[in-house]
Amino acid sequence: ITARRDVEQALIEREGMLRAIYDNSNVAIGFMSPDGRISHANRRMADMFGFTQEEIIGTNYIDLVHPSEKAAGQGKISALFENRIDLADVERHCQRKDGSEFWGQVSGRQMHGSDGQILGLVGVITDITERKAADAQLRLAAQVFDNSHEGIVITDAENRIISVNQAFTKITGYSESE
């Protein structure tokens with residue numbers, strides 16, 4: 001009886017540790033059952049989408065996808081359940097409970113039971129809204145650099161030329177490679 005109690009206590013402690021890791025993760029982690037509903041979600045997932053953990057359970061995952069991407073999202077889910085792909089890893093436009101939007105890096109794959117049956121899909125979502133905004137700013141800066149009528153030279157700390165724009169090559173007569 002003592003040995004059994006020790007094993008049970010160890011299992012309880014292990015489950016508590018795994019739950020703490022799950023709930024304190026910086027990424028959203030959720031499980032979607034074959035009917036498309038979220039049956040497990042960590043605290044970060046609930047927060048990311050503006051729900052309590054109790055509210056997000058039972059929510060249809062596709063309702064969390066921005067309307068412009070619902071068809072693509074449903075296509076990936078179907079492909080996962082039908083074994084046409086092993087992993088879905090996409091940037092997805094998401095929608096919170098209050099209607100506000102954000103960008104998520106979504107990775108999903110099948111989860112199987114001990115008998116090999118598909119139990120559902122496990123997904124991990126990272127909020128990449130800030131990265132997407134920074135990428136857009138970089139693209140804009142590159143366009144300004146490329147399309148400026150002023151000659152622009154970029155150098156490193158040792159004053160070695162790293163890059164020049166097209167206006168610089170026209171003004172100086174030097175090619176970019178020179």
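**View 1. Strands β1 and β2 pair in the antiparallel sense in this predicted model.** Three bridges join β1 to β2, which covers residues 38-41. One bridge sets M32 opposite its partner I38 in β2. The two strands form a hairpin, with five residues between them. In the turn, G36 has a positive phi of about 90°.

**View 2. β1 also pairs with β5.** The sense is antiparallel, over five bridges. Among the residues involved, I29 has V124 of β5 as its bridge partner.

**View 3. β1 is covered on both faces.** On one side lie A28, G30 and M32. On the other lie I29 and F31. In a regular strand, side chains alternate between the two faces of the sheet. Five of the five residues of β1 are buried, that is, under 20% relative accessible area. The strand is therefore largely enclosed by the rest of the structure.

**View 4. The structure holds one cavity of 30 Å³ or more.** Its volume is about 260 Å³. The lining counts 21 residues, of which M32, Y61, V106, G108 and G123 are the closest to the cavity centre.

**View 5. Five elements each give two or more residues to the cavity lining.** They are β1 (28-32), α4 (70-81), β3 (87-95), β4 (101-112) and β5 (118-127). β5 gives the most, with five residues. By class, the lining has 14 nonpolar, five polar and two charged residues.

Terms used:
Residues numbered from 1 in each chain as written. Predicted model: local features only at pLDDT ≥ 70, side-chain atom pairs only at ≥ 80, totals over all residues. Heavy atoms only, no water. 1 Å grid on protein atoms, 1.4 Å probe; cavity = no way out; pocket = protein on both sides within 12 Å on 5 of 7 lines; lining within 4 Å. Points joined across faces, edges and corners; volume = space filled by probe spheres on them. Helix = DSSP H or I, 4+ residues; strand = E, 2+ residues; numbered from the N terminus. Nonpolar A, V, L, I, M, F, W, Y, C, P; charged D, E, K, R; others polar. Buried < 20%, exposed > 50% of the residue type's maximum accessible area, 1.4 Å probe, protein only. Pairing = 2+ DSSP bridges.
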